[in-house]
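This report walks through one protein chain, from its cores to single residues. Keep the sequence and the 3D view at hand.

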Amino acid sequence: MPMPTKDLTLDNVRVLTHSAIRIESQDDAVLYFDPFQLAEAPHDADIIFITHDHYDHFSPEDAVKVLKDTTVVVAPESCAANVREKLGVTTLGMKPGDTTFVGKAAPGGSEDARICVEAVRAYNVEPERLGFHPKDNDWLGYVVTVDGARYYVSGDTDQNEDNLQVTCDIALIPIGGTYTFDAAQAAAFVNAIRPQAVVPTHYGTAVGTKDAVDDFIPLVERDVQTIVKMEWPDLG
C-alpha cells in the first residue's frame with residue numbers, strides 16, 4: 001500500500017466545523033463524516049458516514065444538504081434505523097470490527113474502485129464521561145482507505161482498548177474535552193498510535209475553545225505532523 005508523502009498538506013481534507021469532515025479522493029469521490037452546521041448545500045456526497053446519533057453528529061437538516069440521488073449512507077447498526085427513517089434513504093449499518101467496501105456512487109463493481117471501510121468501536125472510559133458514549137451502544141469511528149492512505153475518523157471517544165489497535169496514516173480526532181479527549185489526552189493517544197499526521201476536530205463550537213488546538217500541538221511528538229483544518233463558517 002503506498003504511503004502518503006512527508007510534509008502533507010492534505011488539500012483533499014476539510015473540517016467544515018466541529019466534527020464535520022469532507023475528504024475527496026483523486027477520482028473525485030466525496031466522503032462526508034457527521035455533517036453539521038453546514039453553510040452551503042453542495043449535494044455532492046458519494047458517501048456519508050455517521051458515527052453516532054447525537055445531534056452534533058447526526059443532523060438530518062445538514063445531511064440533506066450534501067445528499068444526492070446516488071449517495072450511500074453508512075452508520076452504526078445500532079442507530080441505522082433512526083438514520084434511515086430521518087433521511088429516507090438506504091443506510092448501510094456496520095458493527096464494530098466490520099470491514100466492507102463501499103462504492104463511489106453505490107455498492108457494487110470491483111473492489112479496486114471502491115472505498116475500504118473498517119468500523120472501530122468508539123466509546124468513553126473516563127469516569128466523568130461514561131454516560132455520554134457507552135461502550136454497549138456500539139457507536140463507531142471509521143478507517144477509510146482513500147488513494148492508498150488510511151484515514152481514521154474516530155468519532156466521539158476516549159483512548160480505549162479498541163482504538164489503540166488502529167493503524168492509520170492520518171488520524172482525525174476530537175480534542176475539545178467534556179465529551180471526548182481533551183487536548184492532553186488526545187495528544188497522548190496520537191503519540192500511542194503514531195499516525196503520520198493528525199488533524200484535530202471537535203473544538204471551538206459545540207464544546208471546547210478555539211484555543212484548545214494551541215494546547216494540543218506542543219504535546220504531539222515531533223514525528224507526527226499536526227495539520228489544522230478547522231473552518232469557522234459564518235452561519236448568519
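Which residues touch the most other members of the largest nonpolar core?

## The nonpolar cores

They are Leu31, Val144 and Tyr151, in a core of 53 residues. Helix H3, residues 183–193, gives this core its largest share, six residues. A second core lies apart from it and holds 16 residues, including Tyr32, Phe58, Leu67 and Leu87. In soluble globular proteins, nonpolar side chains tend to be buried together.

Take Leu31 as an example. Residues up to four places away in sequence aside, Leu31 touches Ile21, Arg22, Ile23, Ile47, Phe49, Ile115, Val144 and Val146. One of these partners, Val144, is itself among the three residues that touch the most other core members.

## The chain as a whole

The model is predicted. Its protein chain has four helices and 13 strands. The radius of gyration is 16 Å, close to the 18 Å that the globule rule gives for 236 residues, so the chain is as compact as a globular protein of that length. Along the principal axes, the C-alpha atoms fill a box of roughly 45 × 40 × 40 Å.

Of the 236 residues, 53% count as buried. The accessible surface comes to about 10,200 Å², and carbon and sulfur atoms account for 48% of this area. Contacts reach across the sequence: among those between residues at least 6 apart, 59% join residues at least 24 apart.

## Helix H2

Helix H2 spans residues 80–87, and Ala80, Val83 and Leu87 in it are buried. Viewed down the helix axis, the buried residues of H2 fall within an arc of 65°, so they line one face. Their cover includes helix H1 (60–66), strand E5 (72–76) and strand E6 (91–94).

Leu87 also belongs to the core of 16 residues. After H2 comes Gly88, with a positive phi near 70°.

## Thr51: a buried loop residue

Thr51 sits in the loop between strand E4 (47–49) and helix H1. Is this residue buried or exposed? Thr51 has a relative accessible area of 1%, under the 20% cut-off, so it counts as buried.

The Thr51 side chain makes a polar contact with the side chain of Asp34, at 2.7 Å. Neighbours within four places in sequence aside, Thr51 is in contact with Asp34, His57, Pro76, Trp139, Leu140, Tyr142 and Gly155. Pro76 falls in strand E5 (72–76), one of the elements that cover the buried residues of H2.

## Arg114: a buried arginine

Arg114 lies in strand E8, residues 114–121. Its relative accessible area is 19%, and the limit for buried is under 20%, so Arg114 counts as buried. What lies 3.4 Å from a polar atom of the Arg114 side chain? The backbone oxygen of Phe101 does.

## Ala184: partly exposed in H3

Ala184 lies in helix H3, the helix that gives the largest core its largest share. Ala184 has 45% relative accessibility, between the 20% and 50% limits, so it counts as partly exposed.

How many residues apart in sequence are Ala184 and Thr100? The separation is 84 residues, and in space the two are 33 Å apart, C-alpha to C-alpha.

How values were computed: Residues are numbered from 1 along each chain as its sequence is written. This is a predicted model: local features need pLDDT of at least 70, side-chain atom pairs count only at pLDDT 80 or more; totals for chains, interfaces and linings use all residues. Side-chain values use heavy atoms; hydrogens and water are left out. Buried means under 20% relative accessible area, exposed over 50%, partly exposed in between (1.4 Å probe, protein chains only). Helices (H or I, at least four residues) and strands (E, at least two) are DSSP runs, numbered from the N terminus. The arc is that of the directions from the helix axis to the C-beta atoms. Contact means heavy atoms within 4.5 Å. A polar contact is a pair of N or O atoms within 3.5 Å; within protein, one must be able to donate a hydrogen and the other to accept it, and residues adjacent in sequence count only if both atoms are side-chain atoms. The radius of gyration is taken over C-alpha atoms; the globule rule is 2.2 Å times the number of residues to the power 0.38. Accessible areas come from the Shrake-Rupley method with a 1.4 Å probe; for residues, only the protein chains shown count as cover. A nonpolar core is a set of buried Ala, Val, Leu, Ile, Met, Phe, Trp, Tyr and Cys residues joined through side-chain atoms within 4.5 Å.
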